[in-house]
Amino acid sequence: MPAGYSARCKVCNSPHRAMIEQWAKEDGLSPRAISARLKEEFDEAISHKSIWQHLNEHFDVQAEAREQYQKSQAVMEKAVKKQLSDIEMLDSIARESYDLHKSAKEWLKELVENKGKIPKSLVDLLSTTAGEVRQHLKAKAELLGDDPESRIADAMVATLEELQELYQDANSRQEGTDS
Ligand SMILES: [Zn+2]
């Protein structure tokens, strides 16, 4: 991004102008060091005074800084957007698992209340969905850098363990009446 140009400036007219500006901007070289490096790498002779003058008069440091800043902002924005869409995806997967988990739990409760036989597949579904919800919420917490939701998931799985006890009680009771 050339900020200025002078027909009499050696740097402005050098094929290595961009390189010279990069050495100044990114490597932080002094005009004297740039002059030496230019001679060494490209066998081009430009005095450090000419380089100093070019950097002061024809090189817009602020514009360069602005450009760098905008670039880093764009990169950051993109990363944040990606993270948000990851979280949204996790939310929707977790919600599906949770809805399934909830209805399985209600069904189980109903069976327990009516002293019905509880299918093993229902208990499996409960533990699978609970595991899924827990996993997605943990992944989300990792993305967000906090962990309160996985504690909620832990609490939910504890409830599941209680339900499994109920399941065992109900089924053993039933086995008792069957015989
Ligand atoms: Zn110049």
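How are H2 and H3 oriented to each other? They are oblique to each other, and the stops below lead up to that pair and then past it, in a model that is predicted.

**The whole chain**

Begin with the entire protein chain selected, and colour it by secondary structure: six helices and zero strands make up the picture, so that, read from the N terminus, the elements run α-α-α-α-α-α. Of the 179 residues in the chain, 17% count as buried. Among contacts between residues at least 6 apart in sequence, 60% join residues at least 24 apart.

**Helix H1**

Next select residues 17-25, which form helix H1, and show the side chains of Ile20, Glu21, Trp23 and Ala24, the buried residues of this helix. Turn the view until you look down the axis of H1, where these buried residues fall within an arc of 155° and therefore line one face of the helix. An α-helix has 3.6 residues a turn, so residues three or four places apart point the same way. To see what covers the buried residues of H1, add helix H2 (31-42) and helix H3 (48-57), which are included in that cover.

**H1 against H2**

Keep H1 and H2 in view and hide the rest for a moment. Their axes come within 10 Å and cross at roughly 140°, and the two helices are therefore oblique to each other, with H1 passing H2 in a right-handed crossing. At this contact, Ile20, Trp23 and Ala24 in H1 meet Ile34, Arg37 and Leu38 in H2; by class, the residues of the contact divide into five nonpolar, no polar and one charged.

**H2 against H3**

Now exchange H1 for H3, and return to the pair of the opening question. H2 and H3 pack at an angle of about 120°, with their axes 8 Å apart, and they are therefore oblique to each other, in a crossing that is right-handed. Select Pro31, Arg32, Ile34 and Ser35 in H2, and then His48, Ile51, Trp52 and Leu55 in H3, which they meet; this contact has five nonpolar, two polar and one charged residues. Ile34, already seen opposite H1, is one of the H2 residues here too.

**The loop between them**

For the last stop, follow the chain out of H2 and select aspartate 43, whose place is in the loop between H2 and H3. Aspartate 43 has a positive phi of about 55°, although it is not a glycine. Is aspartate 43 buried or exposed? With 7 other C-beta atoms within 10 Å, aspartate 43 is exposed, whereas Trp23 in H1 is buried.

Key:
Residues are numbered from 1 along each chain as its sequence is written. This is a predicted model: local features need pLDDT of at least 70, side-chain atom pairs count only at pLDDT 80 or more; totals for chains, interfaces and linings use all residues. A residue is buried if 20 or more other C-beta atoms lie within 10 Å of its own, exposed if 12 or fewer, and partly exposed in between; C-beta atoms are placed from the backbone. Helices (H or I, at least four residues) and strands (E, at least two) are DSSP runs, numbered from the N terminus. The arc is that of the directions from the helix axis to the C-beta atoms. Two residues are in contact if their C-beta atoms, placed from the backbone, lie within 7 Å. Axes are lines fitted to C-alpha atoms, for helices over the stretch in contact, and angles run from 0 to 180 degrees between N-to-C directions. Angles under 35 degrees count as roughly parallel, over 145 as roughly antiparallel, 65 to 115 as roughly perpendicular and the rest as oblique. A crossing is left-handed if the near helix is turned anticlockwise from the far one by less than a right angle, and right-handed if clockwise. Ala, Val, Leu, Ile, Met, Phe, Trp, Tyr, Cys and Pro count as nonpolar, Asp, Glu, Lys and Arg as charged, and the others, Gly among them, as polar.
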